[in-house]
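Colleague: I am new to reading protein models, so could we look at this one together, step by step?

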Amino acid sequence: RFPLLTNFSAYGEDTWRATPRLTLAYGLRWEVNTPPTDRHGKYAFTVTGLNDLATMTLAPFGTPQWKTTYDNFAPRIGVAYQLSQASGSETVVRGGFGIFYDVGTGPIGKAVIGVTIPYNRMQMFQTFPFDFNKISIPPIDFNPKPPYDALFVSDPNLKLPRTYEWNVSAERSFGMNQTFTVSYVGSAGRRLLRVEQ
């Protein structure tokens, strides 16, 4: 009943002024996103045979929802070059690139909290007012055998979603108090999570 979604992230960066006009900034981030458990370290229920619904079955208790991947490295780099150093008309060109991982806890949270640890139950009340102290919701037996009303599970070969982001800009000074900047920013997503029924 107390799901834990664990993520470990580490990041290091440095800046290097290669020449009076050229500056490099670079970094590396590392993401590890383990399968969800409860507060006692037990995995949520999941299935095997997800690729073929006719043979899909409940996985043995203790099967993680996915295999943890440890190669989620996300480099970042930025470059700034000063084309002109003339006072009042300085011109700088900048560019940057980075990879960003999403931990994926949005759709995965539905799989963990919605139904699978160990079940979901609702009871509707239509008489108002009522005394919460007198409400009795008896526990139900969780039956791990089919048929199932609904199951929310993740792909056992889950890879963290990632986005590539990049930008290029040029900045020009016009006198001491004005600058003009033109920028291009782009991004592309890969392995983004989606919910399929």
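**Strands, a helix and some rings**

Modeller: Happily! Read from start to end of the sequence, the chain runs β-β-β-β-β-β-β-β-α-β-β, where helices (H or I, at least four residues) and strands (E, at least two) are DSSP runs numbered from the N terminus. This is a predicted model, in which local features need pLDDT of at least 70 and side-chain atom pairs count only at pLDDT 80 or more, while totals for chains, interfaces and linings use all residues. Residues are numbered from 1 along each chain as its sequence is written, and side-chain values use heavy atoms, with hydrogens and water left out.

Colleague: How many helices and strands does the chain have?

Modeller: You can count them off the pattern β-β-β-β-β-β-β-β-α-β-β. The tally is one helix and ten strands.

Colleague: What share of the residues has a pLDDT of at least 70?

Modeller: The pLDDT is the predictor's confidence in each residue, from 0 to 100. Its average over the chain is 80, and the share of residues that score at least 70 is 74%.

Colleague: How many aromatic pairs does the structure hold?

Modeller: Rings of Phe, Tyr and Trp (its six-membered ring) pair if their centres lie within 6.5 Å; planes under 30 degrees apart are stacked, over 60 edge-to-face, and the rest tilted. By that rule, the number of aromatic pairs is three.

Colleague: What kind of aromatic pair do F8 and W30 form?

Modeller: Their ring centres are 5.7 Å apart, with 80 degrees between the planes, and that makes the pair edge-to-face. F8 sits in strand β2 (residues 7-17) and W30 in strand β3 (residues 22-33), so the pair ties together parts 22 residues apart in sequence. To answer with the name, F8 and W30 are edge-to-face.

Colleague: Is W30 buried or exposed, or something in between?

Modeller: Buried means under 20% relative accessible area and exposed over 50%, with partly exposed in between (1.4 Å probe, protein chains only). F8 has 45% and is partly exposed. W30 has 27%, so W30 is partly exposed.

Colleague: How many residues apart in sequence are the parts that W30 and F73 tie together?

Modeller: W30 and F73 form a stacked pair, 6.0 Å centre to centre with 15 degrees between the planes. W30 lies in strand β3 and F73 in strand β7 (residues 72-84), so the residue separation of the tied parts is 43.

Colleague: Which residues do ring pairs link into a cluster?

Modeller: We have met W30 paired with F73, and F73 is partly exposed at 41% relative accessible area. The ring pairs link into a cluster F8, W30 and F73.

Colleague: Which residues does Y70 touch, leaving out those up to four places away in sequence?

Modeller: Y70 lies in the loop between β6 (57-58) and β7, and at 53% relative accessibility Y70 counts as exposed. From C-alpha to C-alpha, Y70 and W30 are 8.4 Å apart in space, though 40 residues apart in sequence. With contact meaning heavy atoms within 4.5 Å, Y70 touches W30 and V32.

Colleague: What percentage of the residues in the chain is buried?

Modeller: The chain has 197 residues in total. Its buried residues make up 25%.
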